[in-house]
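Please work through the following exercises with the sequence and the structure side by side, and try each task before reading its solution.

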Amino acid sequence: MKTAFCSLLGAAAILAAGATTSLANDRYADRPPVMVSPDLSAPWVLQLGQAPGIVKPARQATQQPLRRLFQAQPDGQRTATVQQPAKRMVMRPQINPVYLPQEVAYDGPAKPGTIVIDTHQNFLFLVEKNGKARRYGVGTGKPGFEWSGTHKITDKKVWPDWRPPAEMIKREAAKGRYLPTYLAGGMENPLGARALYIGTTEYRIHGTNQPWTIGGAVSSGCIRMRNEDVVDLYERVNVGTTVEVI
């Protein structure tokens, strides 16, 4: 019995010694090389247990499609991708160039400094010296409102107020167009930028906020000019200037 027990102890000692030696030898044995993924965009992964020179392919990042910066919004909300509607342009008729101011020859009987208005050709002439005249296009009285005669300029006003005659107010009301009894001077005023008052009549040489009407028979008897033209004429004539309407 004692002999068998001693034999078992001896065998166990030999096995333990062999295991210790094996573990010691493994401790100092060569290990497989540590490989780092060359794909720097991927996480650095320790490549263990691989043969030298073999690198496990890095996982490619799945690219997600970019979200649209601007998406349609519910309930009709406007987004940055919705273009603003273009503004509607209202095209007005253009004035015929023949009615623009120009220097012309004049051989009529009027003296220099006289204003002559031709209501048939729709021109106003400011007679000058040496057989010349400065000619402007005008709007004149429509059928039934023509007139002629010789008068003096009795007043000049800048951005004049407008007080339509009672007869005009009544006449326009019958057409369904209701005029104010008074309108202060300004861009909305049909007398425009300047007014030259003719004698004791209700007629004037004045500007307009409808310049495309110049060259036609369009008024209730007044002589209508473009605003820039009536301003020019206003600076050239004085109260007392003779006006001949033919």
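**Exercise 1.** With which residue does glutamate 172 form a salt bridge, and how far apart are the closest N and O atoms? Then decide whether each partner is buried or exposed.

*Solution.* Keep in mind from the start that this is a predicted model. Glutamate 172 pairs with lysine 175, and the closest N and O atoms of the two lie 3.7 Å apart. For the second step, recall that buried means under 20% relative accessible area, whereas exposed means over 50%. Glutamate 172 has a relative accessible area of 7%, so this residue is buried, while lysine 175, at 55%, counts as exposed.

**Exercise 2.** Find the residues that form salt bridges with arginine 226, and describe how each partner is placed.

*Solution.* Begin with glutamate 228, whose side chain meets that of arginine 226 in a salt bridge of 3.2 Å, N to O. Next comes aspartate 229, which also forms a salt bridge with arginine 226, here with the closest N and O atoms 3.0 Å apart. Arginine 226 has 15% relative accessibility and counts as buried, and aspartate 229 is buried as well, but glutamate 228, at 47%, counts as partly exposed. To widen the view, a search of the whole structure finds seven salt bridges, and Glu103, Arg134, Asp232 and Arg236 are linked in a network of such bridges.

**Exercise 3.** Describe the largest nonpolar core, and state which element gives the most to it.

*Solution.* First, count the members: the largest nonpolar core has 19 residues, and those with the most contacts inside it include Ile115, Leu124 and Leu233. Second, look for the elements that give two or more residues to this core, which are strand 4 (115-118), strand 5 (123-127), strand 9 (194-198), helix 3 (227-236) and strand 13 (242-245). Helix 3 gives the most, with three residues. Third, follow isoleucine 115 outwards: leaving aside neighbours within four places in sequence, its contacts include Phe125, Ile153, Ile205, Val237 and Val243. Finally, a second, separate core of eleven residues includes Tyr99, Val104, Phe123 and Ile214. In soluble globular proteins, nonpolar side chains tend to be buried together.

**Exercise 4.** Which residues form a nonpolar patch on the surface, and where is methionine 187 found?

*Solution.* The patch consists of Val158, Trp159 and Met187, which together have about 300 Å² of accessible area. Methionine 187 is found in the loop between helix 2 (166-174) and strand 9, and at 58% relative accessibility this residue counts as exposed.

Note on methods:
Residues are numbered from 1 along each chain as its sequence is written. This is a predicted model: local features need pLDDT of at least 70, side-chain atom pairs count only at pLDDT 80 or more; totals for chains, interfaces and linings use all residues. Side-chain values use heavy atoms; hydrogens and water are left out. A nonpolar core is a set of buried Ala, Val, Leu, Ile, Met, Phe, Trp, Tyr and Cys residues joined through side-chain atoms within 4.5 Å. Buried means under 20% relative accessible area, exposed over 50%, partly exposed in between (1.4 Å probe, protein chains only). Helices (H or I, at least four residues) and strands (E, at least two) are DSSP runs, numbered from the N terminus. Contact means heavy atoms within 4.5 Å. A salt bridge is a side-chain nitrogen of Lys or Arg within 4 Å of a carboxyl oxygen of Asp or Glu. Patches are made of residues with over 30% relative accessible area and no salt bridge: like charges are joined within 9 Å, nonpolar side chains (Val, Leu, Ile, Met, Phe, Trp, Tyr) within 5 Å. Accessible areas come from the Shrake-Rupley method with a 1.4 Å probe; for residues, only the protein chains shown count as cover.
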